[in-house]
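Welcome! Please take a moment to look over the sequence and the 3D view, and then we can walk through them together.

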Amino acid sequence: MFPNSSSSIELSRLALENNIDFLRKLVGPDVTISSVLKGNAYGHGIKHMVPELERLGIRHFSVFGSFEALDVASFSTESSTILIMGDILDDHMPWMIENDVECFVFNKIRLNALCKQARLMKKKARIHLELETGMNRTGINPSEWKEMAALLQDYSDCIEVIGMCTHFAGAESVSNYKRILNQKEIFSNGVAYFKGKGINPTILHTSCSAGAIMYPENNLNMVRIGILQYGLWPSQETQVSYMREHKLTEDPLSRVISWRSHVMDIKTVKMGEFIGYGTSFLAEYDMRVASVPVGYSYGFSRGLSNHGRVLINGHRLSVVGVVNMNMFLVEITHAEVNIGDKVTLIGNDGDLSISVSHFSNLSEQLNYELLTRLDKDIPRVVV
Ligand SMILES: *Cc1c(COP(=O)(O)O)cnc(C)c1O
């Protein structure tokens, strides 16, 4: 199907619909879902995800950088809102303001630059004030609130404060419970403080996926949802906690992504020989091995050397030897496998399935990390 590529990624429309449905029920009708599309939509591809999400009624997207905002805008066909949570390149600022693209403000330098550009353009820049509440990554420290409030009062001609927000430092684990409660309190204080200075944003948001699952009382009027929409949990703990609370025996989410390749070659290896580079795998009997044309340069981690699994013709088979840049080997001694057969790296094959978390556990990567390392050039297709 893809003559120019050794592997392809399938995105399931049905799974995405299921997940958005789940999220709408989870947060209720009064909370806006901002779909987080950083990291090339967690490896799924901004190009494919934006139209699909808009078809499902999503009208708010959050990205990390202004370069991603440009991407989202180019594939958006609805009047969706785009919010930049991280980096802005100077060259992109006029475009942002012109197109009502919103952004986090976490320091005076950014605020000043936005105001200067906005005054030149005679158009207000739309911002979300990010408050520091305890993550200590980006955000305006309580000690700077006074100065910031005064600046915003001066800048009422060039800056419109649309939102106020913060980010929780690890809502996916109960071990951070106390820290999150503390963050919540500082955030409330901050909102009250700025309101007292006449700064009244319409949107308040603090929660990511884990927050929306573990601390729904913090949803306020918008949540920034990444991993859940792709059908994956922020952590096992959030999954178990949600499923127990709702007495579910089956995962209510569906994985959107599948990743497939094919068998490139097959050969026999004699007992006592090493397989692949170095001496990490010894054939202890006569073996048949298949080569699959996917390697670490596409996002198939070297961490899967000698213990990854793939599915071929309804068999779960083991990676043998080290993963190379462009290929890896699989033992097929006991399976019926031919050159050209389909290989599933992530996804279902008959009754068997390889989940992203299985894959990421084996390679000691986070769900998030594995997905975002999938090569941008692997073709994506919506099925
Ligand atoms: C990545 C990110 C999110 C989304 O996180 P998920 O765990 O994928 O839902 C939300 N807010 C901010 C600030 C982020 O950086």
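Which polar backbone atom is 2.9 Å from an oxygen atom of the ligand? That atom belongs to G226. Before going further, please keep in mind that this is a predicted model, in which local features need pLDDT of at least 70 and side-chain atom pairs count only at pLDDT 80 or more, while totals for chains, interfaces and linings use all residues. Residues are numbered from 1 along each chain as its sequence is written, and side-chain values use heavy atoms, with hydrogens and water left out.

Let us stay with the ligand. Two tyrosines also reach its oxygen atoms: a polar side-chain atom of Y42 lies 2.5 Å from a ligand oxygen, and a polar side-chain atom of Y368 lies 2.8 Å from a ligand oxygen. Taken alone, the ligand exposes 390 Å², and the protein buries 91% of that (accessible areas come from the Shrake-Rupley method with a 1.4 Å probe, and for residues only the protein chains shown count as cover). In total, 13 residues surround the ligand, the closest being K38, Y42, S209, R224 and Y368 (a residue is near a molecule or strand if one of its heavy atoms lies within 4 Å of it). By class, this shell has seven nonpolar, three polar and three charged residues. Here Ala, Val, Leu, Ile, Met, Phe, Trp, Tyr, Cys and Pro count as nonpolar, Asp, Glu, Lys and Arg as charged, and the others, Gly among them, as polar. Both α2 (38–42) and β9 (222–225) supply at least two residues of the shell; helices (H or I, at least four residues) and strands (E, at least two) are DSSP runs, numbered from the N terminus.

Now find strand β3, residues 60–63. H60 and S62 on one side, and F61 and V63 on the other, are all buried, so both faces of the strand are covered. Buried means under 20% relative accessible area, exposed over 50%, and partly exposed in between, with a 1.4 Å probe and protein chains only. Which strands pair with β3? Strand β2 (residues 32–36) pairs with β3 in the parallel sense over two bridges, and β3 also runs parallel to strand β4 (residues 81–84), joined by four bridges; two strands pair if DSSP finds at least two bridges between them. F61 takes part on both sides: its bridge partner in β2 is S35, and its partner in β4 is I82. Together β3, helix α4 (residues 66–75) and β4 make a right-handed β-α-β unit. Right-handed means that, with the strands pointing away from the viewer, the path from the first strand over the helix to the second runs clockwise.

Strand β15, residues 328–331, is another one to look at. F328 and V330 point one way from this strand and L329 and E331 the other way, and all are buried. Its neighbours run antiparallel to it: four bridges join strand β12 (residues 287–292) to β15, and two bridges join strand β14 (residues 315–320) to β15. V289 stands opposite E331, while V320 has L329 as its bridge partner.

A few single residues round off the tour. S173 lies in the loop between β7 (159–165) and α8 (177–196). Is S173 buried or exposed? S173 counts as buried because its relative accessible area is 17%. Its side chain is joined to that of S175 by a polar contact of 2.7 Å. A polar contact is a pair of N or O atoms within 3.5 Å; within protein, one must be able to donate a hydrogen and the other to accept it, and residues adjacent in sequence count only if both atoms are side-chain atoms. The C-alpha atoms of S173 and P234 are separated by 9.3 Å, although these residues are 61 apart along the chain.

N367, in helix α12 (residues 367–372), is buried too, with a relative accessible area of 11%. The N367 side chain reaches the backbone oxygen of W233 at 3.1 Å.

Finally, visit two loops. K247 lies between α10 (236–245) and β10 (257–262) and, at 75% relative accessible area, is exposed; its phi is near 50°, a positive value in a residue other than glycine. N313, between β13 (309–312) and β14, also has a positive phi of about 50°, but counts as partly exposed because its relative accessibility is 38%.
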